[in-house]
Amino acid sequence: MMLLLVPFQLAAQKRGVVRDLETNVPLRDVIIYGKHGLKVTTDWAGRFELPIDSGCVTFSHRKYMSRPVNVEEIDSTVYLLPSGEMLNEVVVWGKRGNKDRLAAYNAKEMQMQQAPPANFDLLALVALGIDLLFPKSHKATEAERRQQILDNY
C-alpha cells in the first residue's frame, strides 16, 4: 500500500530551477513564499520543489526583483530580473597614502587642463562635421533595456 502512495506524492510536486534573466546563471538562496505559510529556499544549483496546490507563489531574492507566479504556469525554469542597484564607481583611499605622489599627479593634471592646444586639427573638425551631418542611431541605455525586458517579462 505504501508503494502506491509514493508516485502520487511525487506527481504532486512541481520541480524547477531559478535563473538570472541576463546571465542564465542558477540562483541559490531564492526564497519562495506561498499561501498557508509555505516557504521554500532554492539550493546551490537554484533547484526547488513546490506542492502543485500552492496556487500563486512569490520568488524573492535581495539582489533581484520579486516575481509572483502561478505554480501551474511554471514549466521548468523561472527567470528573475536583477534589481539594478549597482555601483558605478568605487574610490578607495588608504590611511597611509603617498601624499607626494598624489600632489604630483594633481599638478600634472592641472598643467594639462591649462595648456592651450598645440595646433589646429583639421581631421577633428572634419569628424565633427560628419557627426553633425549624419547623427548616429540612438543606442538604448541600461534603463531602457531593463524597461524593455520588463515589458516582455
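User: In what order do the four strands of the antiparallel open sheet line up?
Analyst: We're looking at a predicted model, so local features need pLDDT of at least 70 and side-chain atom pairs count only at pLDDT 80 or more, while totals for chains, interfaces and linings use all residues. Numbering starts from 1 along each chain as its sequence is written, and side-chain values use heavy atoms, with hydrogens and water left out. Strands here are DSSP runs of E, at least two residues, numbered from the N terminus, and two of them pair if DSSP finds at least two bridges between them. On that basis, the four strands form an open sheet with antiparallel pairing, in the order 3-2-5-6.

User: Which are the edge strands there?
Analyst: Look for strands that pair on one side only. That description fits strand 3 (39–41) and strand 6 (64–70).

User: Which residue of strand 6 stands opposite Thr 58?
Analyst: Strand 5 (residues 56–61) runs antiparallel to strand 6, and five bridges join the two. Across from Thr 58 in strand 6 you'll find Pro 68.

User: Now the three-strand sheet: why is one side of strand 4 and of strand 7 left without a neighbour?
Analyst: This open sheet has mixed pairing and the order 4-1-7. Strand 4 (47–51) and strand 7 (77–80) stand at its edges, so one side of each lacks a neighbour because each has a single partner strand.

User: Which residue of strand 7 stands opposite Arg 19?
Analyst: Strand 1 pairs with strand 7 in the parallel sense, over four bridges. With strand 4, strand 1 (residues 13–20) instead runs antiparallel, joined by five bridges. Facing Arg 19 from strand 7 is Tyr 79.

User: Which residues make up the covered face of strand 7?
Analyst: In a regular strand, side chains alternate between the two faces of the sheet. Thr 77 and Tyr 79 sit on the uncovered face of strand 7. The covered face has Val 78 and Leu 80.

User: How many residues does the largest nonpolar core have?
Analyst: A nonpolar core is a set of buried (under 20% relative accessible area, 1.4 Å probe, protein chains only) Ala, Val, Leu, Ile, Met, Phe, Trp, Tyr and Cys residues joined through side-chain atoms within 4.5 Å. Among those with the most contacts inside the largest one are Val 18, Leu 50 and Leu 80. Its total is 15 residues.

User: Over which residues does pLDDT stay under 50?
Analyst: pLDDT is the predictor's confidence in each residue, from 0 to 100, and the chain's mean is 79. The stretch under 50 has zero contacts (heavy atoms within 4.5 Å) beyond four places in sequence. That stretch is residues 1–9.

Conventions:
Buried means under 20% relative accessible area, exposed over 50%, partly exposed in between (1.4 Å probe, protein chains only).
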